[in-house]
Amino acid sequence: MSAAPNAAAVEMLSLRRFGDDQIVTLAKLALENAFQPIAEIATGAVFGYETLMRGFERLGFKSPVELLDKAEEAGQLLAMEHMINTRAFAGFAGLPDFASRTLFVNFDSRLIGLEGDVVERLGNHLKRANIPPSSICFELSERFDSGKMPDFAGLVKKLRQAGFKLAIDDFGVGFNGLKLLCDQPVDYVKIDRHFISDIESCPRKRHIVRHTVNTAHVLGTRVIAEGVETEAEFSTCRDLGCDLVQGYFVARPTVHFAELQPAYPHLEQSTCARRQSTSLDSILIRKQIEQVPALRENDDLDSVFELFRRSPQRSFFPVINANGEPRGVLHEYHVKEMIYHPFGRDLLKNHLYQRHISHFVSPAPIADLETPADEMLKIFAGMDGSDCVILTENMRYAGILSASSLLKIIGEKQLKTAQEQNPLTGLPGNRAIRDYVQGTVLDADEARYFCYCDFDSFKPFNDHYGFQKGDLAISLFAALMRRHFIGEEKFLGHVGGDDFFIGVSGWTRDEVGMVLSRVLSEFRSDVRQLYSPEHREAGYMTGHGRSGEATIFPLMRCSIAVLILPEGFVFSDAQAVSARIAEIKSRAKKSDDGLVFETFGGEAH
């Protein structure tokens, strides 16, 4: 696996003054390869490893970058990279599960234009180690301005057609990451640690990461959160839609490869503890998913022709790599010339032609099966000319959604939502309330207020005056909600009977309190008019309690329990939110004004 350098030799290296021509020789003695796991954020399963350099300080350098800069200055960069990569590939090939993993390798773009074919040389390394190209992802650093390298676009195309995967490293802090994402069909974006550090308490960072994730997914690119060190950072990155995670919270880099695990259970436990119940969107999407056969990018083109022959009505097929990840789609018109040209088959058999499926792949938007339908529609609309959205489950190909299927889902969702509206008030019911809460707890850019409203003394009123007057009281409160809560930042729902829900985002605590107090005051005043003059004058009515005994009931009012999720607080367990509300509802009923606020994790007000 990984052998430690000779201790005595290493001790001498830091003291010795060596010439430029000896830097690679000395590096062979001092350097070691460390692997750091990259895990699937939804499951905790290891997706792959990044190979990192260790031992550079023994040569008197402060960082790997400084060492590589010195090697480049000495004309030894090619030899240094060759040595580092050869060791990394050998270590990776020695892992028992390497065939189902991906090795992320930093690619120094200064190698472009140096002697020999970079892609061919890399391919030869891998053949010797018996590693397929699809198991290697080269990280293109933003540290160098690739726009000034005339052969860069050609190299990217060649690497991708050879079956390698590509990632943009340190996204957001270098020269032209956004330009790279726009111009090159990369597989992954690695968001720099700068944007991940303390992300749970920084709305600006969350905003940037959320939009980076959305943009990447539209372009068919997956997102890796780098440098995740705490559970709060992990939870926020997961809730913002990142696909993979790397950092000390997962595992530290190690030169002892036997320490590497196939999965990290603490990630799965963290996700399971906060996992949402199945949403209406997910149910509808799973009903509409098309299980279209996928081509593998390393298959020969004969398999393409056979698939089109068997499915003459289909004009495209998804393309996946050896690990089952989507790479894009292959359209019939891309290979039509080969299909119908009289010499097309002969041309394919010509070794000089050397064209494979990977040469014909077009990018396509990608979305996870749990992506909300409205977001999926935005992803689809954001990629002009797309035939479908490729759906994944745990990052592997699961099927496709066509434009017509997606529109059908949106239509069914609207119909289902309309059917679930309360017929008396016209307000959304329990499923819509649950989906709202599940979505809102994840968006911590603003303070959020969940207000649960419940009438006091409603049952004796309804029993005495009849359900028609009871319905009048319910309709009266619904009208007051609509009158006082307007704008996109609010959500109004009817739980059922005399229970209502109000969701508000972005307001201050005082603003919410003022409006709710006004609603309670007006309801208490207006609902008095539904009582008889005798009951109004007495200020109470008599009735029977739950055990049948005669009881005095005050006139009806509403009590409201308000749970505050402060700005920056991400908490994705919607069931825990409901449980906390249940705890404070009784306090609201006992309070003088019927209104109780509690900050999640804080005190009641």
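Contact here means heavy atoms within 4.5 Å. Angles run from 0 to 180 degrees between N-to-C directions. In these terms, helix H18 (residues 430–440) lies across strand E15 (448–456), E16 and E17. The helix runs at about 140° to E16. The model described here is predicted.

The chain holds 23 helices and 21 strands. Of its 605 residues, 53% are buried. The accessible surface comes to about 27,700 Å². Carbon and sulfur atoms account for 52% of that surface. Contacts often link distant parts of the sequence. Among those between residues at least 6 apart, 70% join residues at least 24 apart.

The strands crossed by H18 belong to an open sheet of five strands. Its order is E16-E17-E15-E20-E21, and the pairing is mixed. Strand E16 (490–496) and strand E21 (595–599) stand at the edges. Each has a single partner strand, so one side of each is left without a neighbour in the sheet. On average, neighbouring strands of this sheet are turned by 15° against each other, direction ignored. Strand E20 (residues 557–565) runs parallel to E21, and five bridges join the two. One bridge pairs Val-562 with Phe-597 in E21.

Ser-505 offers a close view of this region. The residue lies in strand E17 (residues 499–505). Its relative accessibility is 14%. Buried means under 20%, so Ser-505 counts as buried. Leaving aside neighbours within four places in sequence, Ser-505 is in contact with Tyr-436, Thr-440, Glu-446, Ala-447, Arg-448 and Glu-489. Two of these contacts, Tyr-436 and Thr-440, fall within the residue range of H18. Arg-448 falls within that of E15.

A second open sheet has three strands in the order E12-E13-E14, again with mixed pairing. Its edge strands are E12 (366–368) and E14 (396–402), and each pairs on one side only. Neighbouring strands are turned by 35° against each other on average, direction ignored. Strand E13 (residues 388–393) runs antiparallel to E14, with six bridges between them. Ile-390 has Ile-400 in E14 as its bridge partner.

Cys-388 lies within the residue range of E13. At 2% relative accessibility, Cys-388 counts as buried. Cys-202, by contrast, is partly exposed, with a relative accessible area of 21%. The structure holds zero disulfides.

Towards the start of the chain, strand E1 (residues 32–40) pairs with E2 in the antiparallel sense over eight bridges. Glu-32 is matched with its bridge partner Arg-54 in E2. The hairpin of E1 and E2 has five residues between the strands. In this hairpin, Gly-44 takes a positive phi near 85°. Strand E2 (residues 46–54) is mostly covered, with eight of its nine residues buried. E2 also pairs with strand E3 (residues 102–107), here in the parallel sense over three bridges. Tyr-49 stands opposite Leu-103 in E3. Strands of a sheet pair through backbone hydrogen bonds, either parallel or antiparallel.

Helix H4 (residues 77–93) has 17 residues. From its first C-alpha to its last, H4 reaches 24 Å, close to the 24 Å expected at 1.5 Å a residue. Its buried residues include Leu-77, Leu-78, Met-80, Ile-84, Phe-89 and Phe-92. Glu-81 and Asn-85 are also among the buried residues of H4.

Definitions and conventions. Residues are numbered from 1 along each chain as its sequence is written. This is a predicted model: local features need pLDDT of at least 70, side-chain atom pairs count only at pLDDT 80 or more; totals for chains, interfaces and linings use all residues. Side-chain values use heavy atoms; hydrogens and water are left out. Helices (H or I, at least four residues) and strands (E, at least two) are DSSP runs, numbered from the N terminus. Buried means under 20% relative accessible area, exposed over 50%, partly exposed in between (1.4 Å probe, protein chains only). A disulfide is a pair of cysteine sulfur atoms within 2.5 Å. Two strands pair if DSSP finds at least two bridges between them. Accessible areas come from the Shrake-Rupley method with a 1.4 Å probe; for residues, only the protein chains shown count as cover. The expected span of a helix is 1.5 Å times one less than its number of residues.
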